[in-house]
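Here are a few exercises to work through with the model open beside you. Try each task before you read its solution.

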Amino acid sequence: MRIGIDLDGVVFDSETTFRVYEEIFSIENLKNDNIIDRLEPKYQKRYNWLNSEQEMFNKKYLLQAAKESDFMPGFKIIYEKLKKLGHEIIVITARGGLIKEMKDTAIDFLKKNKINFDKYYWEVDNKLEICKKENIDIMIDDDYKIIKQISSANIKTLYFRDTNLKKLKETKYIHEVNNWGDIYRYFKTNK
């Protein structure tokens, strides 16, 4: 099976780390509560920040948070099990689009931990396009908008939903998972 996989919030615990720094930035730099939608996965939509404030956050915290991130609990062991089962795993990520060094940080971290995906797509704006090009059987992502887009093209998705993100109705093409154990169960019970 060809599995497409996002990095941030799926392989790396970076989304949680980003949210910590978003709160620090909002409280200490902007000195206000400007959350407009807690269910939004990306800070650009979660907060009512000006473009200049977003740029300030990016420069001050984004790379630092990426460097502090680790693997999601259980990722390494389940990754190895999926590879032993013969699955091909292709990274499809936006990482590197805002800050180029974030891509290098990810590459270095993956190499250091001996994780070698079958193929990599960095700085991706349209994940559906890559899923189609690569004949992805199932895509794992944590952004509900991307899940909706990909599933609407009849590609199966695993919505790696953190507790603070929007809930989606499960369908033939959308299945919610909350951890890597859930992902392993899905692949073992849905052959």
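**Exercise 1. Write down the order of helices and strands in the protein chain, then judge how compact the chain is.**

Bear in mind that this is a predicted model. Start by walking from the N terminus: the elements come out as β-α-α-α-α-β-α-β-α-β-α-β-β-α. That gives eight helices and six strands. Next, check the radius of gyration: it is 17 Å, close to the 16 Å that the globule rule gives for 191 residues, so the chain is as compact as a globular protein of that length. For overall dimensions, the C-alpha trace spans about 50 × 40 × 30 Å along its principal axes. Finally, look at the contacts with a separation of 6 or more: 62% of them link residues 24 or more positions apart.

**Exercise 2. Work out which strands pair with E1 and E2, and in what sense.**

Take E1 (residues 2-5) to begin with. It runs parallel to E2, and four bridges join the two. You can pin down the register with two pairs: Arg2 has Glu88 as its bridge partner in E2, and Ile3 stands opposite Ile89.

Now look for E1's pairing with E4. These two strands are also parallel, with three bridges, and here Ile3 stands opposite Ile138.

Then move to E2, which pairs with E3 (residues 119-121) in the parallel sense over three bridges. In this pairing, Ile92 is opposite Tyr121. To get from E2 to E3, follow the chain through helix H5 (residues 100-112): the three elements make a right-handed β-α-β unit.

One last check on E2: is it mostly covered or mostly open? Four of its five residues are buried, so to speak of it as mostly covered is fair.

**Exercise 3. Find the buried side of helix H4 and say what covers it.**

Step one is to list the buried residues of H4 (residues 75-84), meaning those under 20% relative accessible area. They are Phe75, Ile78, Tyr79 and Leu82. Step two is to see how they sit around the axis: they cover an arc of only 105 degrees, which puts them on the same side of H4.

Step three is to flip to the face turned away from that side, where you'll find the exposed residues Ile77 and Lys84. Step four is to look at what covers the buried residues: strand E2 (88-92) and helix H8 (180-189) are included. And just to finish off the helix, H4 is followed by Gly86, which has a positive phi near 95 degrees.

**Exercise 4. Trace the largest nonpolar core and follow the contacts of Phe117.**

A bit of background helps: in soluble globular proteins, nonpolar side chains tend to be buried together. In this chain, buried residues make up 49% of the 191.

The largest nonpolar core has 29 residues, and those with the most contacts inside it are Ile5, Val11, Phe117, Ile140, Trp180, Ile183 and Phe187. Which elements feed it at least two residues each? They are E1, H4, E2, H5, E4 (138-141), E5 (156-160) and H8.

Now zoom in on Phe117. Leaving out residues up to four places away in sequence, it touches Ile5, Leu7, Val11, Phe75, Tyr79, Ile89, Val91 and Leu110. Two of these names, Phe75 and Tyr79, should ring a bell from the buried list of H4.

Don't stop there, though: a second, separate core of 14 residues includes Phe25, Tyr43, Phe57 and Ala65.

Methods: Residues are numbered from 1 along each chain as its sequence is written. This is a predicted model: local features need pLDDT of at least 70, side-chain atom pairs count only at pLDDT 80 or more; totals for chains, interfaces and linings use all residues. Side-chain values use heavy atoms; hydrogens and water are left out. Buried means under 20% relative accessible area, exposed over 50%, partly exposed in between (1.4 Å probe, protein chains only). The arc is that of the directions from the helix axis to the C-beta atoms. Contact means heavy atoms within 4.5 Å. Two strands pair if DSSP finds at least two bridges between them. A crossover is right-handed if, with the strands pointing away from the viewer, the path from the first strand over the helix to the second runs clockwise. A nonpolar core is a set of buried Ala, Val, Leu, Ile, Met, Phe, Trp, Tyr and Cys residues joined through side-chain atoms within 4.5 Å. The radius of gyration is taken over C-alpha atoms; the globule rule is 2.2 Å times the number of residues to the power 0.38.
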